[in-house]
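The following paragraphs go through a protein model and its ligand. Keep the sequence and the coordinates open while reading.

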Amino acid sequence: MLSSSFLLILTISCTLNPTFFVNGDINLIQKTCKSTKFYDLCLSSLQSDATSREADTKGLAIIMAKLALANATSINSFLSSNLLVKNTNDALMKNTLKECANKYSAAGTALQDSVQELRSELYDYAYMHVMAAADYPNACRNTFKRYPKLVYPPEIAAREDGLKRICDVLMEIIDGLVF
Ligand SMILES: *[C@@H]1O[C@H](CO)[C@@H](O)[C@H](O)[C@H]1NC(C)=O
């Protein structure tokens, strides 16, 4: 008897409030993304993950942090592949790319930390690690600048920009969790 009336209440709740089981929905995703500088990027990124519709703001931050991590990891793979080395004897270019790969690997580690910290609701730490992840690419760019002979490849510049944008969005979402 008790369980059937509970079921009835649950059914009514669900009918009256379709979001009864989900903390978030497309409205929360839109609202969250409106608080960021890159609305379209934020929206398309979150919508690429089916679980974002069931996520609260903390969950959305975790999804975005995982996307940032995937982004850093793919840049690391790209740099490690040496696709940008046309001349196999170009040791300076190879070394520089290796250095850059290490920086993006460090960015990935920082983002991995931020995922854990978001789960533990250690938002200050999560924010700092995302900030660090957005800063590591600068070290790569500066390494290229050190050698006038080397041109900073536009393929890296575009990826650097992409990762920084995702980190920007993520930091703004975390901001919303803190305040
Ligand atoms: C990395 O992020 C950028 C957006 O800032 C996106 O265009 C690109 O497709 C992402 N790459 C991966 C592998 O996630």
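Which residues are around the ligand? In this predicted model, they are L41, N71, S74, G162 and I166. Sorted by class, this shell consists of 2 nonpolar and 3 polar residues, with no charged residues. Two helices each supply at least two residues of the shell: helix 4, which spans 57-80, and helix 7, which spans 154-178.

Two of the shell residues have polar atoms at short listed distances from the ligand. In the side chain of N71, an N or O atom is 2.2 Å from an oxygen atom of the ligand. At G162 the partner is a polar backbone atom, and the distance to a ligand oxygen is 2.7 Å. How much of the ligand's accessible area does the protein cover? On its own the ligand has 370 Å² of accessible area, of which the protein covers 48%.

The fold around this site can be read from the secondary structure. The protein chain has 7 helices and 0 strands, so its elements, taken from the N terminus on, run α-α-α-α-α-α-α. The chain has 179 residues, and 37% of them count as buried.

Helix 5, residues 91-119, contains S114. Is S114 buried or exposed? Its relative accessible area is 0%, and because buried means under 20%, S114 counts as buried. The side chain of S114 also has a polar partner: it reaches the backbone oxygen of L111 at 2.8 Å.

Two loop residues deserve a look for their backbone angles. N82 sits in the loop between helix 4 and helix 5. N82 is not a glycine, yet its phi is positive, at about 60°. With a relative accessible area of 30%, N82 is partly exposed. In the loop between helix 5 and helix 6 lies E121. For E121, too, phi is positive and near 60°, in a residue other than glycine. E121 has 47% relative accessibility and therefore counts as partly exposed, since exposed would require over 50%.

The next element in the chain carries part of a surface feature. Which residues make the nonpolar surface patch? L122, Y125, M128 and M131 make it, and its area is about 420 Å². One of them, M128, lies in helix 6, residues 123-146. M128 has a relative accessible area of 49% and is partly exposed. A patch residue needs over 30% relative accessible area, so M128 at 49% passes that cut-off.

Definitions and conventions
Residues are numbered from 1 along each chain as its sequence is written. This is a predicted model: local features need pLDDT of at least 70, side-chain atom pairs count only at pLDDT 80 or more; totals for chains, interfaces and linings use all residues. Side-chain values use heavy atoms; hydrogens and water are left out. A residue is near a molecule or strand if one of its heavy atoms lies within 4 Å of it. A polar contact is a pair of N or O atoms within 3.5 Å; within protein, one must be able to donate a hydrogen and the other to accept it, and residues adjacent in sequence count only if both atoms are side-chain atoms. Accessible areas come from the Shrake-Rupley method with a 1.4 Å probe; for residues, only the protein chains shown count as cover. Helices (H or I, at least four residues) and strands (E, at least two) are DSSP runs, numbered from the N terminus. Ala, Val, Leu, Ile, Met, Phe, Trp, Tyr, Cys and Pro count as nonpolar, Asp, Glu, Lys and Arg as charged, and the others, Gly among them, as polar. Patches are made of residues with over 30% relative accessible area and no salt bridge: like charges are joined within 9 Å, nonpolar side chains (Val, Leu, Ile, Met, Phe, Trp, Tyr) within 5 Å. A salt bridge is a side-chain nitrogen of Lys or Arg within 4 Å of a carboxyl oxygen of Asp or Glu. Buried means under 20% relative accessible area, exposed over 50%, partly exposed in between (1.4 Å probe, protein chains only).
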